[in-house]
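Colleague: I should like to learn how to read a structure of this kind, feature by feature. Would you show me the model and take me through it?

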Amino acid sequence: MAGQKKLLRALAGETQDVPPIWMMRQAGRYLPEYRATRAEAGDFLSLCYNPELAAEVTLQPIRRYGFDAAILFADILLIPQALGADLWFVTGEGPRLSTITTEGDFAKLGPVSDIHETLNPIYETVRILSRALPAETTLIGFAGAPWTVATYMIAGRGTPDQGPAHALREENTALFEALLARITEATIEYLSKQIEAGAEVVKIFDSWAGSLKGEAFQKYALEPCRQITAALKERHPGIPVIGFPREAGDKYVGFAKATGVDCVALDNSVDPAWAAAHVQVGGCVQGNLASRHMVTGGQELVDETRRIVEAFRNGPHIFNLGHGITPDADPANVQLMIDTVRSS
Ligand code: CP3
């Protein structure tokens, strides 16, 4: 595998002395250059739909830190918008969407074949990036997992316990499943276009997978991820997929095998030694430093980073945080984390 990019080598199962490294939300508000470009774009969604500026913010952390991967700058909620939901962001609060709780609401959504009209600028961002990135940097495309996207579409906003989505799932299972199927189909088309435009890996973010228990996890987290992965690999043989069933706990075990993903991303509630023994045996893992270290820094950051690198040293590993970096993070702590990983 000599000559191949570090991230792709890890995804192919190679154990490396120094793991490849990137960071969730690496293009974000903790960086002054991101805030400047966002101000130039006007607001967050205008930034997502402006290919030149979205490519620029994607490249900023690559220039500053030399990460091994760049992740497309976009959002998981562009799919609902492309399906016809209203979407806006309230500063300091987060996303708002028109809600889907009845058959009538669902009937207003457009067909999957129409999504590209809205999403074409995103594919253009991917094309710009695949030309602009350094030869050693891997380009990651992404989408939200159907369950996580559905939790926002049903509630119209982020919810601490995903209560409205669970209520619909129990009270109108047919409608809930129809919505999930629509998102699943749209996600396959969306990711497929990202791959055609130059994404070399795709990641499926299931941020709220942990609130699905027992059989519901199998049906609504695992199964859609399996379907998306199978469809993408059939259309694009060899395309690596990263799954992120956040807070899945012991359901991380066997997740890669059951879904066909090449790597599972671990949140920071997972003990790395446990994950090395029970999850990494099944293939590549990504993670899992707590984001708060990017705020607090110091010796604790160094010790925790080393502990994670050590735990995963004997198998394929991609170093990352357990969740996105927060706006209050200190850019110097990111450099300290990278230096620690690369000198461990
Ligand atoms: O990782 C990256 O840098 C790639 C870009 C990316 C964004 N969002 C940009 C973003 C990715 C991969 C996402 C995923 C995403 N978006 C998830 C799944 C991962 C996770 O964090 O659990 C979710 C649930 C969303 C939905 C979303 N987008 C929320 C809830 C919010 C508001 C919360 C917040 O952090 O402000 C966003 C906004 C958002 N998405 C920002 C960024 C950089 C901040 C927007 C800003 O600049 O104001």
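Modeller: Let us start with helix H8 (residues 146-155), which is mostly covered: 10 of its 10 residues are buried. Buried means under 20% relative accessible area, exposed over 50%, and partly exposed in between, with a 1.4 Å probe and protein chains only. Helices (H or I, at least four residues) and strands (E, at least two) are DSSP runs, numbered from the N terminus. This is a predicted model, in which local features need pLDDT of at least 70 and side-chain atom pairs count only at pLDDT 80 or more, while totals for chains, interfaces and linings use all residues. Residues are numbered from 1 along each chain as its sequence is written, and side-chain values use heavy atoms, with hydrogens and water left out.

Colleague: Which are the buried residues of H8?

Modeller: They are Pro146, Trp147, Thr148, Val149, Ala150, Thr151, Tyr152, Met153, Ile154 and Ala155. As a general idea, an α-helix has 3.6 residues a turn, so residues three or four places apart point the same way. Just after H8, Gly156 takes a positive phi of about 80°.

Colleague: Which phi values are positive in a residue other than glycine?

Modeller: Arg25 is one case, with phi near 60°. Arg25 lies in the loop between H1 and H2 and counts as exposed, at 53% relative accessibility. Glu247 is another, with phi near 65°. The place of Glu247 is the loop between strand S6 (241-245) and helix H12 (255-259), and at 41% relative accessibility Glu247 is partly exposed.

Colleague: How should I read a side chain that meets the backbone, and where does Gln26 lie?

Modeller: The general idea is the polar contact: a pair of N or O atoms within 3.5 Å; within protein, one must be able to donate a hydrogen and the other to accept it, and residues adjacent in sequence count only if both atoms are side-chain atoms. Gln26 lies in the loop between helix H1 (6-11) and helix H2 (32-41). A polar atom of the Gln26 side chain lies 2.9 Å from the backbone nitrogen of Met23, and the side chain of Gln26 also reaches the backbone oxygen of Ala69 at 2.9 Å.

Colleague: Is Gln26 buried or exposed?

Modeller: Gln26 is buried, because its relative accessible area is 1%.

Colleague: What joins Gly287 and Asn288?

Modeller: A cis peptide bond does, with omega of about -15°. Asn288 is in strand S8 (residues 284-289), and its side chain reaches the backbone oxygen of Val270 at 2.8 Å. With a relative accessible area of 3%, Asn288 is buried.

Colleague: How does separation along the chain relate to separation in space, for example for Thr58 and Ala165?

Modeller: The two values are read side by side. Thr58 and Ala165 are 107 residues apart in sequence and 32 Å apart in space, C-alpha to C-alpha. Thr58 is found in helix H4 (residues 51-65) and is buried, at 1% relative accessibility. For Arg169 and Trp208, 39 residues apart along the chain, the C-alpha atoms are separated by 14 Å. Arg169 belongs to helix H9 (residues 163-171) and counts as buried at 16% relative accessibility.

Colleague: Let us turn to the ligand. Which residues come nearest?

Modeller: A residue is near a molecule or strand if one of its heavy atoms lies within 4 Å of it. Of the 22 residues around the ligand, Arg29, Tyr34, Arg38, Ser207 and His323 come nearest. By class, this shell has 15 nonpolar, three polar and four charged residues. Here Ala, Val, Leu, Ile, Met, Phe, Trp, Tyr, Cys and Pro count as nonpolar, Asp, Glu, Lys and Arg as charged, and the others, Gly among them, as polar.

Colleague: Which side chains have an N or O atom close to an oxygen atom of the ligand, and at what distances?

Modeller: For Arg29, the distance from a side-chain N or O atom to a ligand oxygen is 2.6 Å. For Tyr34, the corresponding distance is 2.5 Å. A nitrogen atom of the ligand is 2.7 Å from an N or O atom in the side chain of Asp75. The protein covers 87% of the 860 Å² of accessible area that the ligand has on its own; such areas come from the Shrake-Rupley method with a 1.4 Å probe, and for residues only the protein chains shown count as cover.
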